[in-house]
Amino acid sequence: MVPSECHATRGRDVRASPIRARQVVIAWLVLYFPWLPGFPLNRWLPSVPFSYIVDANLAGEYALVAFSLVILTGWVGQISLGQGSFVGIGAFTTGILARRFGIPFPLNLPLVALVSAGVASMLGLVALRVRGLYLAVATLIFAWMCDAYLFSQQWFVGKAAASSIPNTVIGHPGTMTTFDLSNQRVFYLVVVTAVATAWYAAVNLRDSKTGRAFFAIRGSEVAAVSLAVDVTRYKLLAFAVSGALAGIAGNLIMTNVRVATPVVFQFTVSLFYLSIAVVGGINSLGGGVAAGILFAALTEVFYRVKTLTGWRDIVAVALLLGVLLGYPGGLGALGTATERRFRGVTKWLSRLIERPIAKGSAMLRRRRPSDGQIGTVTPVPVEVGDRRQRRPGTSRAAAFAQRLPTRRSRSPVIRRSIDLSVLGRTALEPNSAVDVREMTAGDDVETARASWRTMVIPPYPLAPDRSERPPVLEAEHVVVRFGGLTAVNDVTVVVREHEIVGLIGPNGAGKTTTFNAIAGLNEPTSGTVRLFGVDATKFPVHVRAQMGVGRTFQLIQLFPQLTVFDNLLVATHVHNPTGIFSHLALMSRAIASEADARARVRLVVEMLGLEEVASRPTAGLPFGILRQVEIARALVTEAPLLMLDEPASGLDNAETDELAQLLYFVRSQLGVSILLIEHDVRMVTAVSDYMYVINRGEPLADGTPSEIQSNPEVIAAYLGQAEEPKSAANDSNGRHISSDASIAGVEQGAEVLT
Amino acid sequence: MSPSVVTTESSHDVITDGNDSAAALLTVDAIDVHYGPIQALRAVSLTIGSGERVALVGANGAGKTTTLRAISGLLAPTRGRITFDGEPIGGMAANKVVQRGIAHLPEGRELFFGLSVEENLRAGFWSQRRAGRAYKSQRDQVMDHFPILRERAHQAAGTLSGGEQQMLGVARALMSNPRLLIVDELSLGLAPKIVSQLFDILAEINRAGTAVLIVEQFVHMALANTDRAAVLAKGEVVLAGPSRDLLADPQLIATYLGEQAPKPDEPPRRPSRRAPKRTSNRT
Amino acid sequence: MPHVLRDLLINVVLTVPLVGAYTMFALGLVFIYRASKVLNLAHGAMAMLPAYIAYALASTFGAIGATLVALLAGGLLGVVVEIVVVRRLRSASATSQTVGTVGVLGLLIALAARQWGTTPVQGVSLFPRHTFRVGNALLQLGDIGTLVVALIAAAVFIALFRFTDLGLAMRCAADNRRAARLMGIDPDRTTSMAWCFAGLLAALGGIMLGASTNLHPYTLSLQVLPAFVAALIGGLESIGGAVVGAVVVGLTLGLVPSFGQIGKQVGAPQLALAALAFVVMSLRGNRFSVADMAGA
């Protein structure tokens with residue numbers, strides 16, 4: 001069988017992928033040969049009853065629809081209650097193509113896939129506007145509309161509400177090479193081929209850049225878009241892929257049965273398909289296949305046992321509810337748990353199977369020169385979690401910089417900012433003036449592992465005059481209004497190269513609004529945002545991310561279903577030039593870029609000492625580590641500008657200290673510039689080179705930390721006033737604290753500070 | 001470290017010092033609170049006597065609101081005990097806690113904005129419906145503190161000004177006839193003049209015998225209006241004592257704004273802040 | 001062209017029972033959405049099952065007795081769905097909650113189909129079989145009755161919401177769950193009550209609709225979709241808006257066949273309604289922008 005789902009999030013090495021392809025071929029051959037007409041084994045094998053073959057075909061069709069739901073709902077989180085309609089569209093389109101245009105089976109399949117992909121992406125356009133519950137309703141209305149309108153149109157479903165097509169026979173009748181598709185045994189080969197191919201392609205997709213973009217959208221759209229994932233495009237893509245798979249299932253059903261009526265595709269059928277996917281475990285392809293087999297078996301049983309007739313749908317939906325309420329992982333999770341219990345056996349089995357395959361693939365690789373690079377593209381100096389192999393004397397930062405390939409993006413915006421990416425590149429080179437000394441000797445493994453945590457980091461050699469440092473980010477006179485409310489008024493924030501800049505302000509001061517305006521999450525009413533000298537005010541978030549902005553979030557936005565390593569892998573999206581077709585077919589380009597992505601992530605993991613947690617899911621990790629992982633993820637994008645939204649919130653003192661140390665470390669190693677929003681003023685004053693203070697949406701002060709700390713207005717804004725200021729009588733809306741309100745508390749505070 | 005810095009263990013002593021423990025209305029004993037993987041509170045202890053005014057201050061994110069939520073039952077402590085009037089209330093649902101006599105005005109007011117002023121007050125009286133008190137007399141008694149609300153009785157709460165909303169929040173909390181009134185961020189978004197009016201009203205209420213626990217970002221305002229206070233930082237009580245004494249404590253300011261940044265010509269230091277360490281072991 | 005106008009009028013008149021039923025469904029959806037922030041996809045099925053129960057019991061208990069039993073069953077069904085499915089999925093994702101209600105929808109349809117078959121039957125009518133002639137169209141007394149009952153039900157529920165303690169508690173919990181808890185209100189209980197009322201309303205709508213059109217497990221269950229559109233038009237949280245939305249939806253469905261050849265096609269009204277729904281969603285979709293998700 002094809003590799004099991006259990007490794008889905010374990011950061012499996014891509015070099016396993018060629019092996020995966022061979023496994024699929026073998027699995028296919030195993031399932032294929034016993035029924036090949038004229039195959040000699042047929043004489044020795046017990047002949048399989050006809051109805052079982054019919055059921056197997058049914059199971060295959062169920063599995064295909066389950067795949068389409070797994071991809072759309074399980075991976076991308078876009079719920080669809082109208083999958084049956086796509087299947088129906090596929091079936092009826094097949095009918096039209098075969099009857100009207102005389103296009104026979106193997107040729108009409110890709111056309112049908114295209115048509116249903118197109119219809120599905122039209123529904124996907126709705127998904128761009130609505131989410132969650134609303135999307136569910138939208139798909140439901142779509143299904144209802146198909147039922148009521150589309151499937152009752154004569155031009156679409158044929159006369160007498162039934163579409164029928166002629167049989168397809170390939171080859172000369174009566175010879176050994178005849179493929180009469182009305183023969184269920186022959187059609188079985190077609191179904192197995194389709195399922196195996198779809199499974200193979202889907203697994204490839206899952207472990208690729210595209211699959212990670214899908215998971216990212218499901219986990220957190222806002223994080224995905226900040227990692228340069230074009231959410232619009234990938235959502236539509238997911239709908240298209242899902243629609244294509246459902247359409248293919250429809251095509252197969254039509255080709256097999258040769259007649260279709262609308263009632264077969266009404267909404268209850270969508271529900272039945274949804275039950276299959278949920279019972280299989282909505283994320284799991286293998287679970288989908290298992291559930292397809294289960295539901296086909298149920299169909300057979302409920303057909304055979306007369307007393308059970310009519311109970312199939314009840315049992316199907318009851319299974320759906322039961323799985324949802326009791327065991328949300330479904331059959332996929334059950335499989336994983338079972339495999340874990342019998343790990344010894346499975347290991348032995350997989351060794352038994354994979355060794356000859358690996359040998360075979362090595363032979364194949366020798367013959368194909370392009371594949372030969374796979375091994376050499378990834379001379380990663382260190383494997384994750386193993387430091388003994390590290391070559392002495394190699395600066396990890398140097399290795400990191402060395403490994404950065406220059407890539408050109410096809411986006412027109414980026415092309416305009418190619419010199420910016422050069423700026424990014426130079427900024428990422430380690431500063432030779434910085435001498436990184438390790439405090440402890442190498443014999444203490446524990447401390448060596450976490451070397452940056454104990455390192456003494458000298459001050460960064462910034463130009464003493466701030467105006468001499470070239471600006472990286474200039475947000476000038478930013479105004480953000482929501483309706484009539486002015487959330488941010490005329491705020492200016494400038495980050496210059498290699499600086500750590502703090503943006504502080506009391507509760508509700510407008511820090512996050514300013515930050516989101518800079519990152520592109522909300523458009524400023526007026527003002528400009530320039531990144532690396534280019535006016536980026538109108539650029540969407542993912543384009544700013546492509547330009548070189550990495551960010552973290554106040555409420556951590558890691559992708560909860562993925563491991564730490566896979567979370568970081570998502571951030572390689574911006575470097576990866578490969579497209580979906582190379583992922584589906586696992587072309588050598590996709591393999592090479594995947595290896596490159598993994599190498600990149602490994603470097604960051606190693607640089608930040610995250611080896612121990614790399615293969616663990618993010619759920620359940622200490623909060624301080626999660627903050628570090630989020631920063632690591634931003635670093636993987638190689639963004640020269642990091643924007644950190646309250647990175648110290650939720651951390652205790654020791655963790656906050658470690659965070660500050662990390663910021664110093666990445667700046668000294670990579671020369672990044674950092675903009676930091678914090679309400680923990682102590683932390684900001686400790687790490688910042690320059691600070692901006694805003695209060696009630698207005699700029700209050702800016703300057704070096706010591707200037708800020710002794711600024712009486714800042715102290716007043718933070719500590720409040722001991723008593724009502726006499727001058728505040730006419731200040732009824734409290735927009736501004738007058739500076740002449742020199743009250744006891746403020747003076748006292750100022751004394752304490754000086 | 002300054003001598004007034006107290007550890008969690010001793011802060012408990014300080015805060016109960018001078019109070020007969022039998023008279024303690026509310027005792028919070030070394031509670032931890034978690035939000036998923038985040039530990040928001042670490043062994044926080046607090047005592048409030050009958051009719052006392054206590055402030056909880058600290059920087060944003062220090063755990064003040066979390067402490068209040070644990071007391072009023074919106075959050076369950078993962079460790080430690082909370083007793084009110086001698087009975088344990090830790091982990092009890094908020095709708096039960098309010099019947100015991102704790103009223104909590106949450107941060108951001110959390111009025112029923114779509115409902116009228118009168119309906120908000122009726123909602124505030126919900127826990128007293130079956131306690132044999134008349135709604136009308138209770139409402140009139142509460143409204144005496146807030147004459148403006150009488151005029152606005154049929155207006156939707158969402159249309160009130162910020163100050164009026166906060167008054168309605170206090171009034172709604174008082175409708176449950178509480179023995180302990182908890183107020184979170186009274187000053188949030190309000191002009192200083194309004195805030196001082198509100199503090200005057202709280203003082204009136206307190207004189208009538210209701211204990212008051214306030215959380216306030218603006219530390220001077222909080223300390224000027226309370227008898228005792230505790231300072232939270234990063235989910236721990238770092239300072240506690242009479243409010244007047246705390247005002248003079250340099251550690252208080254450091255908790256908020258950090259120590260002075262190094263002079264540019266000084267040798268660099270690790271960006272470490274010397275926050276007081278706890279003596280109790282975290283488990 | 002007077003016959004066009006007459007057709008138009010007739011079609012408007014024919015929408016009367018639909019408007020009544022959609023009003024009741026939309027009200028139930030709004031109740032449930034306000035109480036538990038769930039779009040109850042099973043609402044139509046929660047209407048269909050009691051309608052079948054009334055139909056099945058009519059011969060034993062008479063029309064009125066059967067209707068009362070069915071209404072009780074509807075309320076009970078609402079509570080059961082809330083406690084067994086919705087409450088348990090509250091901590092799960094919105095996807096799970098939706099799939100949960102969809103599961104209930106499928107289960108109820110399948111059960112009804114198993115029990116009563118998929119041949120349409122005539123539901124129990126509370127009103128005498130008396131027909132009016134409006135132009136060429138025949139309008140039953142029951143159709144007008146449906147609308148009247150719907151409007152009365154709407155009035156009763158609005159009054160309940162506005163003037164009783166229970167209504168106050170439900171509105172508080174809908175407005176701010178946490179604050180309601182701080183007042184001593186148990187929002188879980190008010191949520192169950194809301195589902196109970198919504199179940200009652202659904203049952204009433206189902207029985208009425210089953211009497212004036214037909215009873216069919218699948219068709220009747222999906223009659224909730226126009227009601228969804230009605231609730232969406234009204235903004236999902238507003239009772240008055242839901243009533244207005246129901247009228248808009250009813251008229252859309254009723255009037256499309258008056259518009260020429262295209263309008264007379266099978267399924268054209270549904271197509272028009274789907275288009276309307278997508279337009280409304282796209283307009284309201286602004287509320288779910290990425291910036292909102294970034295959090296404050």
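1. In this predicted model, helix α10(C) passes α11(C) in a right-handed crossing. The two helices, α10 (residues 224-233) of chain C and α11 (residues 239-255) of chain C, pack at an angle of about 130°, with 7 Å between their axes. An angle of about 130° falls outside the ranges for roughly parallel, antiparallel or perpendicular, so α10(C) counts as oblique to α11(C).

2. If you would like to look at the side of α10(C) that faces α11(C), pick out Pro226(C), Val229(C), Ala230(C) and Ile233(C). On α11(C), their partners are Gly241(C), Ala242(C), Gly245(C), Ala246(C), Val248(C), Val249(C) and Leu253(C). By class, the residues of this contact are 9 nonpolar and 2 polar, with no charged ones.

3. Helix α10(C) also takes part in a contact between chains, with helix α6 (residues 132-148) of chain A. Here the angle is about 135° and the axes lie 10 Å apart. That angle makes α6(A) oblique to α10(C), and the crossing of this pair is left-handed.

4. The residues of that contact between chains are worth selecting together. From α6(A) come Tyr134(A), Val137(A), Leu140(A), Ile141(A) and Trp144(A). They meet Leu225(C), Pro226(C), Phe228(C), Val229(C) and Leu232(C) in α10(C). The contact of α6(A) with α10(C) is made of 10 nonpolar residues, with no polar and no charged ones. Pro226(C) and Val229(C) appear here and also in the contact with α11(C).

5. Now to a pair within chain A: helix α28 (residues 623-636) and helix α29 (residues 653-670) pack at an angle of about 15°, and their axes are 10 Å apart. Since angles under 35 degrees count as roughly parallel, α28(A) and α29(A) are roughly parallel to each other. Their crossing is right-handed.

6. In this pair, α28(A) contributes Gly624(A), Gln628(A), Ile631(A) and Leu635(A). The residues they meet in α29(A) are Glu655(A), Glu658(A), Leu659(A), Leu662(A), Leu663(A), Val666(A) and Leu670(A). This contact of α28(A) with α29(A) divides into 7 nonpolar, 2 polar and 2 charged residues.

7. Last, a word on internal space. How many cavities of 30 Å³ or more does the structure hold? There are 19 of that volume or above. The second largest cavity has a volume of about 120 Å³. Its lining consists of 14 residues, and the closest to its centre are Asp680(A), Ala59(B), Asn60(B), Gly61(B) and Lys234(B). Sorted by class, the lining of the second largest cavity has 5 nonpolar, 6 polar and 3 charged residues.

Terms used
Residues are numbered from 1 along each chain as its sequence is written. Chains are lettered from A and ligands numbered from 1 in the order in which they are written. This is a predicted model: local features need pLDDT of at least 70, side-chain atom pairs count only at pLDDT 80 or more; totals for chains, interfaces and linings use all residues. Side-chain values use heavy atoms; hydrogens and water are left out. Axes are lines fitted to C-alpha atoms, for helices over the stretch in contact, and angles run from 0 to 180 degrees between N-to-C directions. Helices (H or I, at least four residues) and strands (E, at least two) are DSSP runs, numbered from the N terminus. Angles under 35 degrees count as roughly parallel, over 145 as roughly antiparallel, 65 to 115 as roughly perpendicular and the rest as oblique. A crossing is left-handed if the near helix is turned anticlockwise from the far one by less than a right angle, and right-handed if clockwise. Contact means heavy atoms within 4.5 Å. Ala, Val, Leu, Ile, Met, Phe, Trp, Tyr, Cys and Pro count as nonpolar, Asp, Glu, Lys and Arg as charged, and the others, Gly among them, as polar. On a 1 Å grid over the protein atoms alone, a cavity is a set of points where a 1.4 Å probe fits but cannot get out, and a pocket is an open set with protein on both sides within 12 Å along at least five of seven lines; lining residues have an atom within 4 Å of a point. Grid points are joined across faces, edges and corners, and a volume is the space filled by probe spheres set on the points.
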